[in-house]
Structures are given as C-alpha cells and as structure tokens.
Amino acid sequence: MKKLLFAPLLLLLLASCHKNFDSFKQEFTDKLWATYPAYATQQGYHKYDSVLLIPDAAERNNELAFADWTNSELKNFKFEELGANDKTDYRMIQLYADGIRFNINDFKSYEWDPSSYNLGEGIFDIMDYKGESTDQKLRALTQRLKNAPAYFESAKQNIHNPTFEHTKLAIDQNNGSFYFFNSVFPDSLKTSKLTDAEKAEFNKNADAAKTAVQNYVTWLQQDVLAKADTNQMRSFRIGKKLYAKKFLLDIDSRYTAGQMYQKAEARKTELHNQMNLLADQLWPKYFDKTPAPTDTLDKIKQLIDKISEQHCQRDSFMATIEKQLPQLTAFINTHSIIDLDSTKPLKVRKTPEYAAGVAGAGINAPGPYDKDAVTYYNVTPLTAYSAEKAESYLREYNNYVLQILNIHEAIPGHYTQLIYANRTPDIVKTILGNGAMIEGWACYVERMMIEQGYAQSPEMQLFYDKWNLRETCNFLLDYNIQCNNLSKEQAMDLLVRQAFQQTAESEEKWKRATLSQVQLASYFSGLTEIYELREELKQQQGAQFNLKKFHEQFLSYGSAPVKEIRDLMLGTGK
Ligand code: ZN
Ligand code: ZN
C-alpha cells in the first residue's frame, strides 16, 4: 500500500522538472487575473473588463482553490535553488496565498464592510483606460452591468452586523457611482458608434444596475442603519489577534506588531527630546526676549506656528515645487546618493479633473502594463480653496515641509523607487508590491537626505522631526485604535498636542484610521526596517560601506518586502 501512495508524488516531482519558475509565475498571474478580474482592471490589465463576479460562497471557494493551487505549485520548487529575484517572488506569492485564506476565513470583511461592494471604482478604471475606444469600453460595460443586480443581492446576503463606519462609507461611495449613470454613460453613448440595438441593451443593463445600486443604498439606510442601535453594531476595531496576523501578512515584517509598537513609542520620545533642544536653540531668534513656555510641547508648538509663516503664496505653489526638483537632483548628484535616470524626467502638472479632490501633491505612476508611460507629479493648485483653507494648507506645507514632501513623493522617493522597480524583469513584484517597502523607502529618504545635509538648518531639522513624528504617530494611532481601544479624545490629543497637527487634519486622520487597519502602520514600519538594515550593513562593512551602492542595491529587488530584501542583502535567507 505504501508504495502506491508514493507513486503520485513521484510523478509530481518528475513533472516539476520540466517547469521553470518563470512559467509558474506566468501561470500564477493568469490565474490571479481570472480569479480577481476587478483587481486586473485596476492594475491596467483589461482582458476581464466585462466580468463582474457575484461575491457569493462559490466565488470565495474559488479564491480558496486558487490559494491551494498556488501553494501546491510552490512546493515544486526548492527555495534555496532559486535566484535572488525568484526568491523574493516566491515569498511574495506565498504571502499572497496566505492573505487570501486569512481574508476569507479569519478577517471576513465581506461580512462587516458594506463598502467592499461598489461598482464605481471598476467603472472608473475602465473609462479611464486609454488603450481602448469608447465603443469597446461600452460593450465591456454592457456585460459587466448585467450582473449588478445579482452582485448586490449577494452583497446583502453576505452582510451580517456591519460596522457603523463602513456602512456610512458604503452609502457615500455607492451614491458617488450615480455620477457614471447620470453623466458619464449618456455622454459616452452620444459620441459612440454602437448600433441602436447595442445602445438599447446597454441602457437596459445600465438602468437595472442603477436601480440595484439605489436599492442597496436604501437597504443600508433603512434596513441596516435605521433599524440598528448604533452602540450595538460591530466595532470597527479589529482587536489584537487579527491585527497581529494582518500586520505580519501585509507588512511582512521581521518584528511582531507589538515589537514595532515599542519602537514607535521610543521614537516618539526621542523626537520630542530632539525637538525640545532645537526649540531652545531657535526660540530667541523668533521670540527675542519673550520667555518660552515651561511646558515643552507648548513651546515647540508656538515655535512651529511661528516658523510656518514662511511659506510660498498660493499662486506660486506649483512653480515653487517645479523650482525645487532640479535643486534636489543637483544635491543627489553632487553627494553621490543614488543614480537618477536622466532619460526619464518627471513631469509636474496640474492634477487632472478626475483625480482632483485629493489635496496637495502626489505621484501618478503608470501601472505594470504601461511601464513606459510618463510619470506625472500631480499638483493640485489651491485655486478652489477659500482664503482661510489655502492659508492653513500653505502653513502646513511651508518652505521647509514642502521640500520634505518633494523628497517623499518625487526625488529620490516614490518616483525614483518606481523607476528602479520598473527595471526588474517580472511583473509579480509590481502586482504584489509591498506597501511598507514602498512607503518605507519614501520615508527613509527624507531622513537620509536630512542626515546628508540637504537644506541644512535647525528649522529644517525641526520640521523634519515634526514630519517624522507624524509617521511615527500614524503607527501609534493605528495600533492603539485597533488593539487598545484608544478613544477619539485620546487620538486627538496624540495628534494635535503631542504631534503638533492641525485639528481638521487630525479629524480626517481619525476617520481614516477607523476605516483601514495596518495601512497607517506601514510608513513607520518600512522606514524603521530600511534604516536598521542600512545601519547593520554599515557595521558589517565598515569603511567599505558605500551609501550610493546601498541605495541602488536595495532598490534593485523591486517592491519586495524589506524583510526579504534584507535576507538577500545580508545573505541570511533560508
Ligand atoms: Zn501666511
Ligand atoms: Zn508616500
């Protein structure tokens, strides 16, 4: 009997000899898109635009089967025998499969987060795609919208005792999708060359879909919210156990969430001490002989408010950013910080209409299927702001902080990391890119540039510390809200009094922290692990250590988790 049992195993091993890791990755990606068509569309892969999956139990079983298939395929490869590039992919794919099981079996947000059901985002990604004609898009949407009534029926079946916060969000977001039904679709139909029959079918499906959205919103308002005692609804706090697991899966840290929390607490104290010294040094320059307040936080706050008056005018906001980028490039080149690809200049532009609403500045990166497209630095001009709001924004992004923002978003932050990531040959690292590595890099370079002496002054150091304090407090906020029952009042004290943030900004942050979990922890976690890795290598290599080489090697692995990059750089991987 035993012999017989071994036979299939042997066959499996023989079969695996013929398959290389590259073809496995290709197969994995194909199956990934077939299993998650919405994710495919979002990543710029448009083969499945016409598909809207019904989120029922059968669909979840299908996801679990994909996770199982992935793990059994991975077993065909010996990790130690893979090259560096494949090793990180192996880990990322493994983690992804673990994440699928966690989401379905443990996290179960499909039960308590009504905002996971929303047609708008998918439609936006399809309509925004430049590679297809309007007619092609409308044909895909005709098929997609057909499933909308069943999609929302299934959503209602899934939802049990949702959180108040996610229910509110779902109502807002689904209401937002009427924009497509009321203006985008009619406008697109007018310019399209669809036949009358095609137009009629589109309209029939769109009308049914619109009714389904309306019914869903009404159901959330009348059957869920109005009938529930808000205090009895499920808490948005996921608790220590789920948080710990989600932290390990999302961040792929070498530390537990609890260990990282200790590091964040220590960093906050360190920053407060450093800011206190800087405040003593700067006080006479700005307040002459006026005695400083005895309360440390109060003293720092008054100084920050005073120095924040040094900001650009609202009509020169964009020009100021444009002027600062070549200064950053020059500094990076003369200080041998990292090789910047001069063939791919970053284009600063006014944020396009559809992406507006998000204040400030951010990188608009091309997706993995569109690598050669231009990367834009979107800057939202402050023209739509009231005078008061613009002033508050400009004080926040004053002459010092604006430079840190440019480092983070552009050079050598997100933009530079993206250029390096696009050089890696395969797509897995981009599709499954690690958020803590990506945000961690942007936060790490802020600290590194300041250490290297960029725009050196006590003021710059003070505002870097404030910025870093915000990253640190994002972690503390997230962890304490999800695991330690932090109240809104305590959260506001942390952000406003201890981290010197504006009340309006802190209110927004609180709202965000009630809707997401672990994401706010990624900045501090990523930064900490990259920084530690650098210090470790410095120790190891002594005089041989070269900062430029470190940066270039670190980025050469694509957007892999810092822990996996560390293993490869230190040769500690199993
Ligand atoms: Zn002002
Ligand atoms: Zn960022």
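**Two zinc sites and helix 13**

Q: Does His 414 count as buried or exposed?
A: This is a predicted model, in which local features need pLDDT of at least 70, side-chain atom pairs count only at pLDDT 80 or more, and totals for chains, interfaces and linings use all residues. Residues are numbered from 1 along each chain as its sequence is written, chains are lettered from A and ligands numbered from 1 in the order written, and side-chain values use heavy atoms, without hydrogens and water. Buried means under 20% relative accessible area, exposed over 50%, partly exposed in between (1.4 Å probe, protein chains only). At 12% relative accessibility, His 414 therefore counts as buried.

Q: Which arrangement do the four donor atoms around the zinc ion (ligand 2) make?
A: Donors are N, O and S atoms within 2.8 Å of the metal (3.2 Å for Na, K and Ca); water is not among the atoms, so sites may look incomplete. His 408 (NE2), His 414 (NE2) and Glu 439 (OE, twice) coordinate this ion at 2.0 to 2.7 Å. Four donors count as tetrahedral if all angles lie between 85 and 135 degrees, and as square planar if opposite donors are over 155 degrees apart and all others between 65 and 115; anything else is irregular. The angles here run from 52 to 151°, so the arrangement is irregular.

Q: What is the relative accessible area of Glu 391?
A: The zinc ion (ligand 1) is coordinated by His 311 (NE2) and, through OE twice, by Glu 391. His 311 is buried, at 14%. Glu 391 is partly exposed, because its relative accessible area is 35%.

Conventions. Tetrahedral: all angles 85-135°; square planar, octahedral: opposite > 155°, others 65-115°.
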